[in-house]
Amino acid sequence: MNEITIGLMTVEDVDAVHAIETMCFRTPWSRKSFYHEVTENECARYVVVRENGVAIAYAGMWFVLNEAHITNIAVHPQYRGKGYGRMVTEALIQLAADSGMTWMTLEVRRTNTVAQSLYHSLGFIDVGYRKRYYENQEDALIMALEQLPEGNPDNDPMLVRE
Ligand SMILES: CC(C)(COP(=O)(O)OP(=O)(O)OC[C@H]1O[C@@H](n2cnc3c(N)ncnc32)[C@H](O)[C@@H]1OP(=O)(O)O)[C@@H](O)C(=O)NCCC(=O)NCCS
């Protein structure tokens, strides 16, 4: 039976996360970037969903003062439409709240209606556009979540980075 778990990303997840990244994005982050995020960037937090210990979805953010800015969210193409995108994003939002953040922001391609639908369903609102933000000159839609759930830091195992 397949075991699904969720937790903070570690160096053991870097290869699988980078593989998903290259399948999902036209200008993927490098393996080195993810390694840096989990080993050196004190402002970064990444959550992964694992199947039998192997990452199948991930979501990351940077803490800037009281804002959590989402850097990337992706689900392995073979695992989409099964709730893992929602699961990993909800966990990221709760981790932001538990870490004392008060709001979240992200950028998403104007044409990426699947991701926008997910974010809208979680309470994100549209706040503006960054014109020609992406490599193909596509605009970025800026979205924000202005109210986070109540933080529960005493009960969040992901608050401690390994
Ligand atoms: C966006 C993404 C993370 C969603 O992950 P997922 O696991 O497929 O999504 P879930 O199964 O958890 O569904 C969550 C919501 O996403 C939306 N969604 C998912 N698949 C959809 C589809 N085929 N069409 C329209 N909306 C869809 C729905 O709002 C859905 O909520 P619902 O099930 O209540 O209708 C995934 O499609 C992905 O990795 N895309 C490529 C990378 C990407 O675009 N990342 C976002 C960059 S900002």
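Here are legends for a few close-up views of this predicted model.

**View 1. How helices α1 and α2 sit against each other.** Helix α1 covers residues 14–24, and helix α2 covers residues 31–39. Their axes are 9 Å apart, and the two helices pack at an angle of about 130°. That angle falls outside the ranges for roughly parallel, roughly antiparallel and roughly perpendicular, so α1 and α2 count as oblique to each other. As for handedness, the crossing of α1 and α2 is right-handed.

**View 2. The residues where α1 meets α2.** On the α1 side, look for V14, D15, V17, H18 and E21. Facing them from α2 are R31, F34, Y35 and V38. Sorted by class, this contact has five nonpolar residues, three charged ones and one polar one.

**View 3. The surroundings of the ligand.** Count 19 residues around the ligand here. I73, G81, R86, N112 and S117 are the closest of them.

**View 4. Polar contacts to ligand oxygen atoms, with R80, K82 and R86.** R86, one of the closest residues to the ligand, puts a polar side-chain atom 2.8 Å from a ligand oxygen atom. R80 also uses its side chain: an N or O atom there is 3.3 Å from an oxygen atom of the ligand. With K82 it's the backbone that takes part, through a polar atom 3.2 Å from an oxygen atom of the ligand.

How values were computed: Residues numbered from 1 in each chain as written. Predicted model: local features only at pLDDT ≥ 70, side-chain atom pairs only at ≥ 80, totals over all residues. Heavy atoms only, no water. Axes fitted to C-alpha atoms, helices over the stretch in contact; angles between N-to-C directions. Helix = DSSP H or I, 4+ residues; strand = E, 2+ residues; numbered from the N terminus. Parallel < 35°, antiparallel > 145°, perpendicular 65-115°, else oblique. Left-handed = near helix turned anticlockwise from the far one by under 90°. Contact = heavy atoms within 4.5 Å. Nonpolar A, V, L, I, M, F, W, Y, C, P; charged D, E, K, R; others polar. Near = heavy atom within 4 Å. Polar contact = N/O pair within 3.5 Å; in protein donor to acceptor, adjacent residues only side chain to side chain.
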